[in-house]
Amino acid sequence: RAIGSNDWQGFIWIDGVLTDLGSLGNGDTWASAINDSDEVTGESYIPAMLGDGGGQIRAFRWKNGVMTNEGTLGGVLSRGFAINNSGIIVGESEINDTLSYAGFKSLNGSMQNLKIDPTNRVSAEGINDLGQITGWKFLPDGNNAGWLLDNGITFLGSLGVSTTPNDINDFGQIVGWSITSTLLTHAFLWENGVMIDLGGVPPGNSSMAFSINNFGDVVGGSPAFIYKDGVIKNLNDLIDPSSNWTLYYANDINDDGWIVGNGIINGQQRAFLLIPNNLKITSPEANKLWIAGEIDTIKWTGGRQDQQLQIEYSFNSSSTFDILDFAIKGDTGLYVWGIPDTLSNKCTIRIFDMNDATIADTSDIFKIKGYVLTRLTPNGNYEKFESNKHGWNYQNGSLWPNSWWSQFNYANAIDPYT
């Protein structure tokens, strides 16, 4: 799902379907942000008031097809810029028709002044699910100062001159852009009091960051870029050059790595959605125990609707694989497996695109075991208890060997390897 605007016509996009958000009565709407419950915020014009010379702008909340006015802090203008999964909207609002602006947070029309600075313009740009808020305030010298509101106000500093934050993730990492001492505009990542210069993107060697997900992946523009694992890359270098797209701005990225933004295709400006061309197995997890003879679910992310996958399994740390199933649609994201009756603590799952085997992933090592008594051999493999071999008798040279009985907790009768 995504939101956007087409010439002041706000929309929500869900699974390929565009829905007009409507307006607060005067036709024009700009959508800025969406949460996991499909609540949208932004700004919309209300009908012209007597003597005001035109319509007034209000922050809005759109939910279940209904748009509501979030009000103002007393002035004639407010804008919503971000909304978290608790439904709290942040943005900026005019105060008492004075052309002075304050950052606000609002829930269901109850708007509160954040009181960052009583004299200079303030805007709240991002809020995470912990309620931490970031934004900027205008300085008398014409520059901006970025701040974090979290049990007090922390100023972020700059890369030289001015700082404009734009987003914050659930780990308190903040991104935006800052003017350097050489007057270049560079994207930054701020974390635990340290601001990192993400560098510029050729050909102009400038950059602005708009969004960060909970894995620390950052996107922005212009041109559209992604910063991942310490490296900044032009997104135009990562797409098929025959697509005829030129990507200018990457505006948001979710935790699955899906990116939305805008660019030019065939001479027309259009919104785009980029889905990573990779697969990631999320279940089974490392060291997970799955029970032989029962049912569990293999899960993955990054699959596409037009993709057919082959699923394989290994019981020997990926040395060899057997086919589990094939022609599975990539976008299903799961496969229910009747787990075979085997005993191994060196199992892996592999999935790959049947049309492009380079698009693949292999799970971390997990374990499969039934309700049987086991121990680990010197080479780290499971060994099943066999009474005629390991039992209490004189033929094996001793009574029940210490290597077996010493590993168990007789108070609760639990096998530590199960």
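A salt bridge is a side-chain nitrogen of Lys or Arg within 4 Å of a carboxyl oxygen of Asp or Glu. This is a predicted model, where local features need pLDDT of at least 70, side-chain atom pairs count only at pLDDT 80 or more, and totals for chains, interfaces and linings use all residues. Residues are numbered from 1 along each chain as its sequence is written, and side-chain values use heavy atoms, with hydrogens and water left out.

**Exercise 1.** Find the partner of Asp 353 and state where each residue lies.

*Solution.*
- Step 1. Asp 353 pairs with Arg 304; their closest N and O atoms are 3.9 Å apart.
- Step 2. Asp 353 sits in strand β33 (strands, E, are DSSP runs of at least two residues, numbered from the N terminus). Arg 304 is in the loop between β29 and β30, 49 residues apart from Asp 353.
- Step 3. Asp 353 has a relative accessible area of 4%, so it is buried (under 20%; exposed is over 50%, partly exposed in between; 1.4 Å probe, protein chains only). Arg 304, at 23%, is partly exposed.

**Exercise 2.** Is Glu 92 buried or exposed, and what does its side chain meet?

*Solution.*
- Step 1. Glu 92 counts as buried because its relative accessibility is 3%.
- Step 2. Its side chain meets that of Arg 121 in a salt bridge of 2.8 Å, N to O.
- Step 3. Glu 92 and Arg 121 also belong to a salt-bridge network with Glu 43 and Arg 79.

**Exercise 3.** Assess the salt bridge between Glu 39 and Arg 61.

*Solution.*
- Step 1. The closest N and O atoms are 3.3 Å apart.
- Step 2. Glu 39 counts as buried at 8% relative accessibility. Arg 61 counts as buried at 4%.

How values were computed:
Helix = DSSP H or I, 4+ residues; strand = E, 2+ residues; numbered from the N terminus.
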